[in-house]
Amino acid sequence: MSMQQQIQEKISNAIACKHLNVINESHMHSKGTDSHFKVIVVSEEFLGKRLLQRHRQINEILKEELANHIHALAIHTYTPDEYTEHDGEAPASPNCLGGSKLD
């Protein structure tokens, strides 16, 4: 199973997602390893949660991958209404400045 599929599966098993998109952005950054990803997660579970709480939830779900395989993870979490307000778009990821312990 690819890292992208693993991320997708772990998040979808842990959160009731209305929308989930896992984008492999490694081609923009790394030297042939799948280590840069963007996740867009839309769930009603985020209602009443601050952004930091949402990100901590994703980080907890992916803690093993973050510790051992992922160099960069852009996390975009929305309630369904927030996602609609953003026209179904998430910001572009910044350029990687290197420094990966995985390289």
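**Sheet, helices and cores of the predicted model**

Residue I40 stands opposite H76, which belongs to strand β3, and I40, a residue of β2, is also the bridge partner of N21. The model described here is a predicted one, and these two pairings of I40 offer a way into the sheet around which the description is arranged.

The sheet is open and consists of 3 strands in the order β1-β2-β3, with mixed pairing. Strands β1 (19-24) and β3 (72-78) stand at its edges with a single partner strand each, so that one side of each is left without a neighbour in the sheet. Direction ignored, neighbouring strands are turned against each other by 10 degrees on average. In general, the strands of a sheet pair through backbone hydrogen bonds, in either a parallel or an antiparallel sense. Here, strand β2 (residues 36-42) pairs with β1 in the antiparallel sense over 6 bridges, whereas β2 and β3 run parallel and are joined by 7 bridges. Although β3 is an edge strand, 6 of its 7 residues are buried, and β3 is therefore largely enclosed by the rest of the structure.

Two helices are placed against these strands. Helix α1, comprising residues 3-14, packs on the sheet, where it touches β1 and β2, and its direction makes about 160 degrees with that of β1. Helix α2, comprising residues 51-61, lies across β2 and β3 and runs at about 130 degrees to β3. Within helix α2 is found Q57, which counts as buried because its relative accessibility is 18%, under the limit of 20%. When residues up to four places away in sequence are not counted, Q57 touches I15, E45, F46 and K49.

As a general tendency, nonpolar side chains in soluble globular proteins are buried together. The largest nonpolar core of the model has 16 residues, and those with the most contacts inside it are I7, I11, V39, I58 and L73. At least two residues of this core are supplied by each of α1, β1, β2, α2 and β3. For I58, leaving aside neighbours within four places in sequence, the residues in contact are I11, I15, V39, V41, L73, I75 and T77. Another core, of 5 residues, lies apart from the largest one and has I40, V42, Y78 and Y83 among its members; the residue I40 with which this description began thus recurs in the second core.

Two members of that second core, Y78 and Y83, also account for the aromatic pairing, since a search of the whole structure finds 1 aromatic pair. A pair of aromatic rings is described by the distance of the centres and the angle of the planes. For Y78 and Y83 the ring centres are 5.7 Å apart and the planes stand at 45 degrees, so the pair is tilted. Both residues are buried: Y78 counts as such at 7% relative accessibility, and Y83 does so at 16%.

A further feature concerns the backbone in the segment after α4 (80-85), where D87 is found. Although D87 is not a glycine, this residue has a positive phi of about 55 degrees. In contrast to the buried Y83, D87 counts as exposed, with a relative accessibility of 66%.

Terms used
Residues are numbered from 1 along each chain as its sequence is written. This is a predicted model: local features need pLDDT of at least 70, side-chain atom pairs count only at pLDDT 80 or more; totals for chains, interfaces and linings use all residues. Side-chain values use heavy atoms; hydrogens and water are left out. Two strands pair if DSSP finds at least two bridges between them. Helices (H or I, at least four residues) and strands (E, at least two) are DSSP runs, numbered from the N terminus. Axes are lines fitted to C-alpha atoms, for helices over the stretch in contact, and angles run from 0 to 180 degrees between N-to-C directions. Contact means heavy atoms within 4.5 Å. Buried means under 20% relative accessible area, exposed over 50%, partly exposed in between (1.4 Å probe, protein chains only). Rings of Phe, Tyr and Trp (its six-membered ring) pair if their centres lie within 6.5 Å; planes under 30 degrees apart count as stacked, over 60 as edge-to-face and the rest as tilted. A nonpolar core is a set of buried Ala, Val, Leu, Ile, Met, Phe, Trp, Tyr and Cys residues joined through side-chain atoms within 4.5 Å.
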